[in-house]
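Q: I have a protein model in front of me and do not know how to read it. Could we go through it feature by feature?

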Amino acid sequence: MTDAGMTTTTADWHAWQESWDRQQEWYLPDREERFRIMLDMVEALVGTAPRVLDLACGTGSITARLLARFPDATSTGVDLDPALLAIAAGTFAGDDRVRLVTADLKDPGWPAELPYDSYDAVLTATALHWLHREPLADLYGRVAGLVRAGGVFMNADHMIDESTPRINAAERAQRHARMDQAKRDGVLDWAEWWQLAAKDPALAEPTARRYEIYGEHADGDMPSAQWHARVLREKGFGEARPVWCSPSDTLLLAVK
């Protein structure tokens, strides 16, 4: 179920998953909608029993929704964050459909750590904006090598069109006003969530390790959807375009 060196201790993993979802929804109120469209496209293009790579899986949010909708699917989750992987390991303990792998996506050799050489679908959400353009383009090349012919890659993330500054500013102002109101209503933000994780006996040690790896936060680039589509085609995908968007985010789908 998990790779060597990953352990879990007693904790309410369901509660931690719920808490993570609520914290993420503060930033992404349409989070479930992007997951729904993502799985719609999985079904449309590769069927209801796919072998999936959950890229930068975190707590396994995509994997949980994948298996709830498609019980015959299997998922390999790969991430570097010890704390989020601990929650994923606790959540999916005993589920033979799930494998978790600790790997750094900036390391060119990370695909060698995976249990399979190819996947029907590689899925990721709100994670790759931690990378700058050059390492992201390199990652897309490695992803293209893992997707089978006819398979899919999907990335739902912040993708900013810098040619529309007034639209961008208006959207950002409205979004932050809504976030501020939710915060006043008691929603946990990113920093507060991690403070709680550091106090849980089951997560204190992996949380300390994740701060050694990442620091407070590490934002990379947020290029436009057009950039993502172009680079994915250059790296070996036959088709690539948005299949869903919000005023700030896009779900980009590429077919091998």
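Q: Among contacts in the protein between residues at least 6 apart in sequence, what percentage join residues at least 24 apart?
A: First, note that this is a predicted model. For contacts between residues at least 6 apart in sequence, 75% join residues at least 24 apart.

Q: How does the radius of gyration of the protein stand against that of a compact globule?
A: The idea is to take the chain length and ask what a compact globule would give. With 256 residues, the expected value is near 18 Å; the protein has 18 Å, so the two agree. The C-alpha trace spans about 45 × 45 × 30 Å along its principal axes.

Q: What share of the residues count as buried, and what is the accessible surface of the protein?
A: A residue counts as buried when its relative accessible area is under 20%. By that cut-off, 49% of the 256 residues are buried. The accessible surface comes to about 11,900 Å², and 51% of that belongs to carbon and sulfur atoms.

Q: How many helices and strands does the secondary structure come to?
A: There are nine helices and seven strands.

Q: In which order do the strands of the sheet stand?
A: To read a sheet, go across it from strand to strand. Here the order is β3-β2-β1-β4-β5-β7-β6, in an open sheet of seven strands with mixed pairing. The edges are held by β3 and β6 (residues 239-245); each has a single partner strand, so one side of each has no neighbour in the sheet. From one strand to the next, the twist averages 20°.

Q: Which strands pair with β5, and in the parallel or antiparallel sense?
A: Take one pair of strands at a time. Strands β4 and β5 run parallel and are joined by six bridges. A125 stands opposite A156 in β5. With β7 (residues 249-255), strand β5 (residues 147-158) pairs in the antiparallel sense over seven bridges. There, F153 has A254 of β7 as its bridge partner. β5 is also mostly covered, with nine of its 12 residues buried.

Q: Which strands do helices α2 and α4 lie across?
A: For a helix on a sheet, look at the strands under it and at the angle to one of them. Helix α2 (residues 31-46) lies across β4 (119-125), β5, β6 and β7, and runs at about 170° to β5. Helix α4 lies across β2 and β3, running at about 160° to β3.

Q: How many residues of α4 are buried, and what do they pack against?
A: Nine of the 10 residues of α4 (82-91) are buried. They are P82, A83, L84, L85, A86, I87, A88, A89 and G90. These buried residues pack against the helices α1 (13-27), α7 (190-199) and α8 (204-214), and against the strands β2 (74-79) and β3 (98-102).

Q: Which residue caps the N-terminal end of α4?
A: D81 does: one of its side-chain oxygens lies 2.9 Å from the backbone nitrogen of A83.

Q: Is R210 buried or exposed, and which residues does R210 touch?
A: R210 lies in helix α8 and is buried, with a relative accessible area of 1%. Leaving out residues up to four places away in sequence, R210 touches D81, P82, A83, W130, W190, W194, G215 and E216.

Q: How does R36 count by accessibility, and which side chain does R36 join in a polar contact?
A: R36 lies in helix α2 and counts as partly exposed at 38% relative accessibility. A polar contact of 2.9 Å joins the side chains of R36 and E33. Sequence and space can also be set side by side: R36 and D189 are 153 residues apart in sequence and 24 Å apart in space, C-alpha to C-alpha.

Q: What is phi near in A56 and in T126?
A: Most residues other than glycine have a negative phi. In A56, phi is positive, near 55°. A56 sits in the loop between β1 (51-55) and α3 (61-69), and is buried at 19% relative accessible area. In T126, phi is also positive, near 50°. T126 is placed in the loop between β4 and α5 (133-146), and counts as buried at 17% relative accessibility.

Note on methods: Residues are numbered from 1 along each chain as its sequence is written. This is a predicted model: local features need pLDDT of at least 70, side-chain atom pairs count only at pLDDT 80 or more; totals for chains, interfaces and linings use all residues. Side-chain values use heavy atoms; hydrogens and water are left out. Buried means under 20% relative accessible area, exposed over 50%, partly exposed in between (1.4 Å probe, protein chains only). Helices (H or I, at least four residues) and strands (E, at least two) are DSSP runs, numbered from the N terminus. Contact means heavy atoms within 4.5 Å. A polar contact is a pair of N or O atoms within 3.5 Å; within protein, one must be able to donate a hydrogen and the other to accept it, and residues adjacent in sequence count only if both atoms are side-chain atoms. Two strands pair if DSSP finds at least two bridges between them. Axes are lines fitted to C-alpha atoms, for helices over the stretch in contact, and angles run from 0 to 180 degrees between N-to-C directions. The radius of gyration is taken over C-alpha atoms; the globule rule is 2.2 Å times the number of residues to the power 0.38. Accessible areas come from the Shrake-Rupley method with a 1.4 Å probe; for residues, only the protein chains shown count as cover.
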